Amino acid sequence: MAITTAPVNESRQPVGIITPPVSSSFSAAVLAGSANLLLAQGVERALGVRLAACTTERFPDGEVMVRIDESVRGLEVVLLQLTSPPVNDHLIELLAMVDACRRAAAARIVAVIPYFGYARSDRRDGRRMPIMGSLLADLMERAGINHVITLDVHTPAVEGFFRIPVDNLTAVPVLAEVLRPRVPANAVIVSPDVGATRLANRYATLLGLPVAICHKRRTSGTEVSVTRIIGDVSGRPCVIVDDMITTGGTVAECLRALRQAGAPTNAIVAATHAVLVPGALSKLAAAGVQELIVTDSVALAPAADSSQLRTMVVSVAPLIATAIRRLLAGGSLRMLA
Ligand code: R5P
């Protein structure tokens, strides 16, 4: 497996654990759940502060036990935990940590949830189905979260599910910088579905490239079909961009349709969240992905099936650390969104 990691440049100025913002009477503590310990360590390094100690244990019956091992009384708590697979376990762990902090008299709880699971469930489509994104928002608010920070969340609808402030950061500028030297001038940015068009436009603006959009239909969790492509891809190197890759089915189907429309056989793929269930990397390699560029927002499982795929992992820890630092100083996050 050829995985390269590339942290982005970022000032490592320490903020103290955590220096109370001058403009605020709060002190703060930064905690991390167990969903992505490498990212938590990266954020700790980039912030230049020690994460507050906490413990997560799983009982043999699957129940989770969390304990905050330091006082958070009266503190502003920033809690880093994503709802990546196993989604339900990580979600419950997040809720448990929030409950523990609230009961321990934390003054305010900011949840940093770089990957927000269930965000794809954002409507009922007229059927008897739940809106899981909305349900999660209710659970999180009810548990005691006062502010949410996400990263390239799947749909802006998520913000509307909450009544509390939500800031959505983006990794697009970081990923675009990695793409820049790899992408020829006649390339085209490809959105694998209509939903990713806004994301694709951001890449296209930063890289000065045109956009093509695939029209995708999802028939199940593992099956999609691309029925047509809007935009000129014939003979042009393609860069497929997406917020997340789970099974690799979307990218594989998109590549098939692009080939049919006259694009080269191989393409570079960039995505913020490498959810990558088992078998996904093999599927991407077999489909003709020439290089995969992702962030470390989701912990990458050491996968046995990735040997054929060149993968570059860019760290978003500095981006998250900057957001936390700004937030605690009462600054704007606009430039990170
Ligand atoms: C869907 O709209 C998302 O943006 C991704 O395209 C999709 O979730 C990727 O999933 P998979 O890799 O399983 O096709």
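The residues of the shell around the ligand divide into two nonpolar, six polar and six charged, and this division, like everything that follows, is read from a predicted model. Of the 14 residues that make up these surroundings, Arg120, Asp242, Asp243, Thr247 and Thr250 come nearest to the ligand. When the shell is traced back to the secondary structure, three elements each supply at least two of its residues, namely the strands β10 (211-218) and β12 (238-245) and the helix α7 (249-260). The largest share comes from β12, which contributes four residues.

The polar contacts with the ligand can be followed one by one along this part of the chain. Asp242 approaches with its side chain, a polar atom of which lies 2.5 Å from an oxygen atom of the ligand. Thr246 takes part through its backbone, where an N or O atom is placed 2.9 Å from a ligand oxygen, and Gly248 likewise offers a backbone N or O atom, here at 2.8 Å from an oxygen atom of the ligand. As for the extent of the enclosure, the ligand taken alone exposes 370 Å², and the protein buries 94% of that area. The site that holds the ligand is the largest pocket of the model.

From the ligand the reader may turn to the loop between β5 (75-80) and α2 (87-103), where Thr83 is found. Is Thr83 buried or exposed? With a relative accessible area of 0%, Thr83 counts as buried, because that value falls under the 20% limit used for burial. The side chain of Thr83 reaches the backbone nitrogen of Gly117, at a distance of 2.6 Å.

The loop between β5 and α2 also contains Pro86, and the peptide bond that leads from Pro85 to Pro86 is cis, with an omega near -10°. Pro86 has a relative accessible area of 45% and is therefore classed as partly exposed, since this value lies between the 20% and 50% limits. A second proline gives a sense of distance across the model: Pro86 and Pro173 are separated by 87 residues in sequence, and their C-alpha atoms are 28 Å apart in space.

Backbone geometry draws attention to two aspartates in other loops. In the loop between β6 (108-113) and α3 (132-143) lies Asp125, whose phi is near 55°, a positive value in a residue other than glycine. Asp152 is located in the loop between β7 (147-151) and α4 (157-161), and its phi, near 40°, is again positive in a residue that is not glycine. Asp152 has a relative accessible area of 5%, which is under 20%, so this aspartate is counted as buried.

The last stop is strand β14, which spans residues 289-295 and includes Glu291. What relative accessible area does Glu291 have, and how is the residue classed? The value is 5%, and Glu291 is therefore buried, as the limit for that class is 20%. Glu291 can also be set beside Leu309, for these two residues are 18 positions apart in sequence while their C-alpha atoms are 6.6 Å apart in space.

How values were computed: Residues are numbered from 1 along each chain as its sequence is written. This is a predicted model: local features need pLDDT of at least 70, side-chain atom pairs count only at pLDDT 80 or more; totals for chains, interfaces and linings use all residues. Side-chain values use heavy atoms; hydrogens and water are left out. A residue is near a molecule or strand if one of its heavy atoms lies within 4 Å of it. A polar contact is a pair of N or O atoms within 3.5 Å; within protein, one must be able to donate a hydrogen and the other to accept it, and residues adjacent in sequence count only if both atoms are side-chain atoms. Accessible areas come from the Shrake-Rupley method with a 1.4 Å probe; for residues, only the protein chains shown count as cover. On a 1 Å grid over the protein atoms alone, a cavity is a set of points where a 1.4 Å probe fits but cannot get out, and a pocket is an open set with protein on both sides within 12 Å along at least five of seven lines; lining residues have an atom within 4 Å of a point. A molecule sits in a cavity or pocket if more than half of its atoms lie within 2 Å of its grid points. Ala, Val, Leu, Ile, Met, Phe, Trp, Tyr, Cys and Pro count as nonpolar, Asp, Glu, Lys and Arg as charged, and the others, Gly among them, as polar. Buried means under 20% relative accessible area, exposed over 50%, partly exposed in between (1.4 Å probe, protein chains only).
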